[in-house]
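Reader: Please take me through one part of this model at close range, then work outward from there. Keep it brisk.

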Amino acid sequence: MSPDADRMPSDAALGDRLLTLTVGPPAAGGTFVARHEGRVVFVRGTTPGETVTARLLEDPREKRDARFWRAEALDVLEAGVDRVPSVWEEAGVDGVGGAEWAHIALPAQRRIASEVLQELLRRAGVTSYPIEQVQVEPAPHDADGLAWRTRVRYAVDAEGRVGMRGWRSHAVRPVGEDPLSAQSIRELRLGEWTAPTGTEAIDAVAPSAGPASVVLIGRELDPDAVRIPETWGDADVAVRTARELVLLRGDGTVHERVGERMFTVGATGFWQSHRRAAELLSDVVETTLRAPHGGSAWDLYGGVGLFGAVAAEQVGPDGSVVTVEGNRRASQLAAENLEHLPQASTATADVTDWVRARRGGVDVVVLDPPRNGAGTELMGLLARAVRQRIVYVSCEPSTLARDLAAIEKQGWQIADLRAFDLFPHTHHIESVAVLERTAG
Ligand SMILES: C[S@@+](CC[C@H](N)C(=O)[O-])C[C@H]1O[C@@H](n2cnc3c(N)ncnc32)[C@H](O)[C@@H]1O
């Protein structure tokens with residue numbers, strides 16, 4: 001029996017898994033911290049300072065020894081000051097995941113995200129930057145945080161109904177008006193369509209140039225069974241089976257304009273999701289990277305060359321830039337996108353392996369890893385190889401904090417750190433850290 005057992009509510013009381021909780025500060029993952037009889041409960045669907053009836057996710061009788069429980073707010077008994085009517089009704093309790101802060105006022109979302117980011121940096125032991133100054137900024141011209149998502153993955157159930165998965169659930173839930181998705185994705189009206197048997201997911205893309213794209217995904221999906229509805233207009237359409245990508249309309253790519261630059265991206269390949277993200281992050285990289293004319297740069301986790309193009313223009317024709325990307329298709333497209341810049345080349349490789357194999361150094365590096373971050377080995381390699389500056393673009397603050405703390409120990413310091421709300425109505429944060437060698 002656990003030492004806490006005599007302080008636990010009875011099995012009968014916990015049977016329906018309902019607790020009344022007063023909610024405190026934010027935690028990572030979009031939840032908030034409450035306490036129940038000394039135990040931490042991470043609660044979703046609430047705001048700091050409110051009292052809620054919450055349903056525990058797991059059966060607490062089976063989790064008596066767990067250090068914490070997880071719960072979802074069902075009813076608000078006393079609303080917090082940050083609560084507003086949800087911008088997406090279908091994202092509430094038992095609704096779709098991916099909009100877990102839709103019931104929180106947008107300025108408060110950014111304040112809470114700033115608190116989370118600051119706390120992660122503090123806990124990781126970051127010391128070279130005034131952490132309390134880091135505030136999550138809105139994307140330019142984003143007044144309401146709506147219609148920003150240009151990449152949406154829909155889920156499809158066994159009956160062909162199209163929706164999105166619930167939070168920590170495999171159930172496919174209706175999307176309703178889907179207010180976070182870009183207009184041209186909403187116009188596809190996928191939520192009203194019945195997908196052919198064998199469809200498991202649908203990727204919809206709203207690029208900044210050219211038609212939208214729909215890719216139906218299903219291991220055993222028969223491309224001949226797909227009837228393209230009128231609502232898809234002139235969208236490109238493809239089917240991805242276990243064996244191949246079958247093109248029904250279009251060439252399997254989409255086109256993105258960023259200022260004067262154009263990029264071709266695979267229809268299911270990575271591109272920054274917020275409609276203003278590519279331009280905003282390119283601008284920030286442009287002003288912070290400061291690659292020397294005639295110098296050298298590495299664009300690590302380079303995708304289709306978004307930041308490689310910025311670095312290549314900075315170093316000019318006498319310099320050199322290598323875009324390193326692990327996905328073969330993205331790397332091929334990067335080579336095509338950067339073809340007009342002969343100082344740019346591409347490498348298809350694991351970034352850490354590639355950097356480990358370099359003998360000489362490099363003037364500047366921009367890196368933009370996936371959520372698991374660069375890792376301490378790569379940060380150590382970069383600490384030794386880079387002569388002037390590292391710009392670290394991150395979509396996951398916990399791994400960014402870990403990596404910043406690691407490179408600080410190797411004689412580097414944070415010269416600038418900005419954070420952006422590129423995923424409104426969710427807890428996700430995009431950050432850009434500029435690193436320079438510590439003087440002396
Ligand atoms: C967050 S995206 C950034 C892409 C690009 N910088 C952009 O903004 O469009 C991360 C990229 O890293 C690639 N990637 C993930 N792990 C990798 C690894 N270990 N080595 C090389 N590339 C990797 C992914 O395929 C993806 O294209």
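Author: What follows starts at the ligand and then moves to two helices, a buried aspartate and two histidines.

This is a predicted model, where local features need pLDDT of at least 70, side-chain atom pairs count only at pLDDT 80 or more, and totals for chains, interfaces and linings use all residues. Residues are numbered from 1 along each chain as its sequence is written, and side-chain values use heavy atoms, with hydrogens and water left out.

The ligand comes first. It is surrounded by 16 residues, and the closest are Gln-272, Glu-325, Gly-326, Asp-350 and Val-351. A residue belongs to this shell if one of its heavy atoms lies within 4 Å of the ligand. The shell divides into 8 nonpolar, 5 polar and 3 charged residues. Here Ala, Val, Leu, Ile, Met, Phe, Trp, Tyr, Cys and Pro count as nonpolar, Asp, Glu, Lys and Arg as charged, and the others, Gly among them, as polar.

Three polar contacts stand out for a close look. A polar contact is a pair of N or O atoms within 3.5 Å; within protein, one must be able to donate a hydrogen and the other to accept it, and residues adjacent in sequence count only if both atoms are side-chain atoms. Gln-272 places a polar side-chain atom 2.7 Å from an oxygen atom of the ligand. Glu-325 does so at 2.6 Å, again to a ligand oxygen atom. Gly-326 uses a backbone N or O atom, 2.9 Å from a nitrogen atom of the ligand. Taken alone, the ligand exposes 600 Å², and the protein buries 83% of that. Such areas come from the Shrake-Rupley method with a 1.4 Å probe; for residues, only the protein chains shown count as cover.

Now helix 4, residues 277-289. Helices (H or I, at least four residues) and strands (E, at least two) are DSSP runs, numbered from the N terminus. The expected span of a helix is 1.5 Å times one less than its number of residues. The 13 residues of helix 4 should therefore span 18 Å, and its end C-alpha atoms are 17 Å apart, which agrees. Its buried residues include Leu-280, Leu-281, Val-284 and Val-285. Buried means under 20% relative accessible area, exposed over 50%, partly exposed in between (1.4 Å probe, protein chains only). Arg-290 follows helix 4, with a positive phi near 50°.

Next, Asp-299 in strand 16 (residues 296-300). Asp-299 is buried, at a relative accessible area of 0%. Its side chain reaches the backbone nitrogen of Gly-308 at 3.0 Å. Beyond its neighbours within four places in sequence, Asp-299 is in contact (heavy atoms within 4.5 Å) with residues including Gly-305, Phe-307, Val-322 and Val-366. The C-alpha atom of Val-364, 65 residues away along the chain, is 8.9 Å from that of Asp-299.

Helix 9 spans residues 397-408. Its 12 residues should span 16 Å, and the end C-alpha atoms are 16 Å apart, which agrees. Because 10 of the 12 residues are buried, helix 9 is largely enclosed by the rest of the structure. Among those buried are Pro-397, Asp-403 and Glu-408. Their cover includes helix 2 (106-124), helix 8 (376-385) and strand 20 (386-394), along with strands 21 (412-421) and 22 (430-437).

The loop between strand 21 and strand 22 holds His-425. Its phi is positive, near 70°, and at 3% relative accessibility His-425 counts as buried. His-141 sits in the loop between strand 6 (136-138) and strand 7 (151-156). Its phi is also positive, near 60°, but His-141 is exposed, at 68% relative accessible area.
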